[in-house]
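Reader: I am new to this structure and would like to understand the words used for it. Could you show it to me and then take my questions?

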Amino acid sequence: MKILAVDDDPDFLAIFEMLLKDLGYSDVTLAVSGEDALWKIAGESKPFDCFILDIQMPGIDGIELCRRIRALPEYQDTPITMNTVVSDRDHIDRAFAVGATDYLTKPINEVEIQARLGVLQKLVDARRKQQARSTEQSVSQASPPTVGFMDSVPMKRVDGAIDQIALCNYIQTLGFFRSRSIALVAVQVTNARHIHEMDGGAVFGEVMIDVATCLSDSLNCSPKMIAYLGGGTFVCLLPRDDAMRTESLSQNVSRYVMEFETVYGELDITLPNIEVGPPLLCRPVHVKNPSRALEEVAAAFRSTHVHFPVERLA
């Protein structure tokens, strides 16, 4: 895994590089500022697989650097870990809002960094396989890359869209006390399978991005957190009070989805049907195991969901 580590403390960088190499990560590039990082990114012929950014740096700080990296097409889905002594909520929320995947607090714990990078390595490997499969299909069919029904869909251009792993990592940063103020809500495209089978994988991916955009436009909270789990399932992280008003969320999403009706009709694309499930109130067990929270909110939708399907215009 090719890593770019950025920190304005050269002593920390030297120690951190040694630690990474001891853990088996030998392909490490160092940068001493945001400006230095952007220059090295621009000069690389082979893209980096992972970024580790300090937040507090003079000039371009880590949060702004994260935003600029995410704006580069080749790095829209590359894992970005923020690494700093700062642990206040404002910095954490801002980092995830601009596209951070994970968050580490100095001093670095060797066991923790090994575990986190191990997860990111699996994520990088999975994305490489998906990209290779999409490229092969695109070349053989002379068409845009297709998307499998359960594949992830790049959505970084959607305000508030984050990776599933990033959402889990964010929930872990909340702590037991703050987690009590949030809830998760599952949003399902109930005719997702039909869209994928009838309109094809490439169109399916674009439809899911349109749905994510409608969700983003429907949310008034800050920061917005929307993760796509595959199979037409989205999970939104909301303030607890907002999450209790699922009917209002459904109505707002419905209104935005209906704006696509004319265009979709002209292109002969199936309009997505949206249903919103009941809120799952975050509990301490979910902070310890965020994946369990995603599984539970999806299961709650499947078993007892209160649904408000999009109504077609007469």
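Author: Here are your questions, each answered by setting a value against its definition. Please keep in mind that this is a predicted model.

Reader: How do you know how confident the predictor is in this chain?

Author: The mean pLDDT of the protein chain is 87, and 90% of its residues reach 70 or more. The scale runs from 0 to 100. Residues 310-314 are a stretch to treat with care, with pLDDT under 50. The model has 14 contacts beyond four places in sequence for residues 310-314.

Reader: What makes K21 and E17 a salt bridge?

Author: The cut-off is 4 Å between a side-chain nitrogen of Lys or Arg and a carboxyl oxygen of Asp or Glu. For K21 and E17 the N to O distance is 3.4 Å, so the pair qualifies as a salt bridge. Both residues lie in helix α1 (residues 10-22), four residues apart, about one turn of the helix. In general, an α-helix has 3.6 residues a turn, so residues three or four places apart point the same way.

Reader: Why is K21 called partly exposed?

Author: Buried means under 20% relative accessible area and exposed means over 50%, with partly exposed in between. K21 has 44%, so it belongs to the middle class.

Reader: Which parts of the chain does the salt bridge between D54 and K106 link?

Author: The side chains of D54 and K106 meet at 3.7 Å, N to O. D54 is in strand β3 (residues 50-54), while K106 is in the loop between β5 (102-105) and α5 (110-141), 52 residues apart. D7 joins D54 and K106 in a network of salt bridges.

Reader: Are D54 and K106 buried or exposed?

Author: D54 has a relative accessible area of 3%, so with a cut-off of under 20% it is buried. K106 has 17%, so it is buried too.

Reader: How do you know that E206 and R157 form a salt bridge, and which classes of exposure do they have?

Author: Their side chains meet at 3.1 Å, N to O, so they satisfy the limit of 4 Å. E206 is in helix α8 and R157 is in the loop between α5 and β6 (161-162), 49 residues apart. At 43% relative accessibility, E206 counts as partly exposed. R157 has 56%, so with a cut-off of over 50% it counts as exposed. A search of the whole structure finds 16 salt bridges.

Reader: How do you know that the span of α8 agrees with its number of residues?

Author: Helix α8 (residues 201-218) has 18 residues, and at 1.5 Å a residue it should span 26 Å. Its end C-alpha atoms are 26 Å apart, so the two values agree.

Reader: Why is α8 called largely enclosed?

Author: Of its 18 residues, 13 are buried, so α8 is largely enclosed by the rest of the structure.

Reader: What makes strand β7 largely enclosed?

Author: Eight of the eight residues of β7 (residues 182-189) are buried, so the rest of the structure largely encloses the strand. I182, L184, A186 and Q188 point one way, A183, V185, V187 and V189 the other way, and all are buried.

Reader: How do you know which strands pair with β7?

Author: Pairing needs at least two bridges. β7 and β9 (residues 233-239) pair in the antiparallel sense over seven bridges, and V185 stands opposite C236 there. Three bridges join β7 to β10 (residues 274-276), also antiparallel, with V189 opposite I274. Two bridges join β7 to β11 (residues 280-281), again antiparallel, so that number just satisfies the definition. In this last pairing A183 stands opposite L281.

Reader: What makes up the largest nonpolar core?

Author: This core has 44 residues, and those with the most contacts inside it are F51, L53, M82 and L167. Its largest share, six residues, comes from helix α6 (residues 164-179). A second, separate core of 37 residues includes M155, V207, A212 and L271. Beyond its neighbours within four places in sequence, L53 is in contact with nine residues' worth of partners, among them V6, I69 and M82.

Reader: Why is S179 called buried?

Author: S179, which lies in helix α6, has 0% relative accessibility, so it falls under the 20% cut-off and counts as buried. Leaving aside neighbours within four places in sequence, S179 is in contact with L174, C282 and V287.

Note on methods. Residues are numbered from 1 along each chain as its sequence is written. This is a predicted model: local features need pLDDT of at least 70, side-chain atom pairs count only at pLDDT 80 or more; totals for chains, interfaces and linings use all residues. Side-chain values use heavy atoms; hydrogens and water are left out. Contact means heavy atoms within 4.5 Å. The expected span of a helix is 1.5 Å times one less than its number of residues. Buried means under 20% relative accessible area, exposed over 50%, partly exposed in between (1.4 Å probe, protein chains only). A nonpolar core is a set of buried Ala, Val, Leu, Ile, Met, Phe, Trp, Tyr and Cys residues joined through side-chain atoms within 4.5 Å.
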